[in-house]
Amino acid sequence: MKKGITSIIQDRLFIASIIFFLLPVQTFFAQNTFPHLGKNGSATQLIVHDKPFLMLAGELGNSSASDLNYMQPIWHTLKTMQLNTVLVPVYWELIEPQEGKFDFTLVDSIIFSARKYDLKIVFLWFGSWKNSMSCYAPYWVKIDQERFPRARIKNGNALEILTPFSEENRNTDADAFALLMKHIRSIDSKENTVIMVQVENEIGMIPEARDYCSAAEKAFKEMVPKELMDYLQKHKNSLNKDFLAIWKNAGMKSSGTWEEVFGKGLQTDEIFMAWNFAQYTNYVAEEGKREYNIPMYVNAALIRPNYKPGQYPSAGPLPHLIDVWRAAAPAIDFLVPDIYFKNFAEWLGKYDQSGNPIFIPEVDSRQSVTNAFYAIAHHNAMGYSPFAIESVENPESNQFNQAYTLLHQLTPLILEHQGKGTMDGFLLDSASQTDRLTIGNFAFIIKHEYSWPYAPRREDEAPRYGGLIIQIADDEYYVAGSGVVITFESASKDGAIVGIASIDEGKFEGEWITGRRLNGDQSHQGRHLYLPGGKFGIQKVKLYKYK
């Protein structure tokens, strides 16, 4: 009897081993061994090696990663700035200089150098489009305009933009991207150096709102695809309000041509292009994910005030088009903004809709890094990444070095509290100098330090300051950031006055290390918590109530 059981077990193991080797390569690995997205309360987090990972990142300038020698001294600079992640372009023209002949030397160098410096990589696929244009398409694509057709403006002139209405354009891009992802999997599926990929870059039509090539003209006269109409009907109670208004103003029809459903005008031209750009990009992402299924996103160049479609890169994943992109591109995990405008919080809020996970892949490096505290704590962002990070001066002492050093200390707490309602962030500047947050039993009245007459003035205009608050007990909180004065009130209408039991400055070195007790002059004799501007700090405050 024992021999029979052993024989059965051996037979089953043999069959299992045959099945294992017959399965596609993607099935060989448990999905959670690849970087992927996971939930923590209401927050979406990036999971790497089965643990949440917060990207304290920077994006390289567009051309830096095109040359191995140019990159060599940069790695040390990136590490000095306390980054843990680098966003790096991959250029279609350089990995496939001749059709069908691939050279991954640059890709390999980036991955292996990042490992040497204990950095993670987010690759940016500069394929069909980069900042609207097709400037990184290979030379053999650019010169064969019959095989690889261009977008055209109304007068028939061709643009330096590959049209999304060509299967040949789409398939050739997708084939290259799939081979890139296959190669990354072959050298990195265990190490997980590469944790995410951006598909294309700042897609959009310009200088007109839509493509007028013959294929686009034919498609524009056709019915709106059933997939989009089904999505609108299913999600009509949660659609972006600006997009919903366009549909409503045209009669909220359930079928029809593009102009019948959305009306005549530039807004319809843009919606039409968004659907087709998104479908094209979705196909590229799907082919890549067949080879290596890690998170993929698409970024948007934002709209300047009062600009109309065609005056900006139109039809990318902008806030008013998020629903179109979601309907057309389910393989894209999330949509993100590249923020170069001062109203950072406003733009970020536009992307925190309908469950869209938050990541800031590109932001003006001249903006205050206190943006990162706000994004990570208030919007549960997976990371923050200033552009051209290698060009920022004084890497050993600049604002990113200082802020990222602090955020590294706080990362375990941040990742634990994201999505739990026990953490929030704040952002103050000349346009918005006060905020009020309620966390647990207490309300925090937060003011820019310039509101306090004893605070030093470092600039004529109030600089951008901010930070975050994490609740660790009913009456205890960590407050981190720069340039704020905080007072406290009871969150309930119980008539109680809130007192400060203690404020301690300190730092994390695996555990909290207490520094000075700040119950005297530094807290204005127990009146407030003060984080001076010009530097970043962490303070632990214990509160109590009295009447």
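Leaving aside neighbours within four places in sequence, M55 is in contact with L46, N84, T85, V122, I195, M196, F359, M382, G383 and Y384. The model in which these contacts are found is a predicted one. M55 also belongs to the largest nonpolar core, which has 151 residues, and together with F123, F262, W325 and F344 it is one of the residues that touch the most other members of that core. Among the elements, helix 13, spanning residues 266–291, gives the most to this core, contributing 10 residues. Apart from this there is a second, separate core of 21 residues, which includes Y477, I500, I503 and L531. As a general matter, nonpolar side chains in soluble globular proteins tend to be buried together.

From the cores we can turn to enclosed space. A search of the whole structure finds one cavity of 30 Å³ or more, and the volume of the largest cavity is about 60 Å³. Its lining is made up of A65, V88, P89, V90, Y91, I95, L106, V107, I110 and F123, and the last of these, F123, is also among the residues that touch the most other members of the largest nonpolar core. Strand 5 (85–91) and helix 6 (105–116) are the elements that give two or more residues to the lining, with strand 5 giving the most, namely four residues. Sorted by class, the lining of the largest cavity has 10 nonpolar residues, with no polar and no charged ones.

The cysteines can be considered next. A disulfide is a covalent bond between the sulfur atoms of two cysteines. How many disulfides does the structure hold? The count comes to zero, and since a disulfide requires two cysteine sulfur atoms within 2.5 Å, the separation at each site is worth following. C135 is in no disulfide, and the nearest cysteine sulfur, which belongs to C213, is 19 Å away. C213 is likewise in no disulfide, its nearest cysteine sulfur being that of C135, 19 Å away. As to their surroundings, C135 counts as partly exposed because its relative accessibility is 32%, whereas C213 counts as buried because its relative accessibility is 8%.

A last stop is E259, which is found in helix 12, residues 258–262. Is E259 buried or partly exposed? With a relative accessible area of 32%, E259 is partly exposed. Leaving aside neighbours within four places in sequence, E259 is in contact with F220, K264 and T268. For a view across the model, one may compare E259 with F488, which lies 229 residues apart from it along the chain, the C-alpha atoms of the two being separated by 55 Å.

Technical notes:
Residues are numbered from 1 along each chain as its sequence is written. This is a predicted model: local features need pLDDT of at least 70, side-chain atom pairs count only at pLDDT 80 or more; totals for chains, interfaces and linings use all residues. Side-chain values use heavy atoms; hydrogens and water are left out. On a 1 Å grid over the protein atoms alone, a cavity is a set of points where a 1.4 Å probe fits but cannot get out, and a pocket is an open set with protein on both sides within 12 Å along at least five of seven lines; lining residues have an atom within 4 Å of a point. Grid points are joined across faces, edges and corners, and a volume is the space filled by probe spheres set on the points. Ala, Val, Leu, Ile, Met, Phe, Trp, Tyr, Cys and Pro count as nonpolar, Asp, Glu, Lys and Arg as charged, and the others, Gly among them, as polar. Buried means under 20% relative accessible area, exposed over 50%, partly exposed in between (1.4 Å probe, protein chains only). A nonpolar core is a set of buried Ala, Val, Leu, Ile, Met, Phe, Trp, Tyr and Cys residues joined through side-chain atoms within 4.5 Å. Contact means heavy atoms within 4.5 Å.
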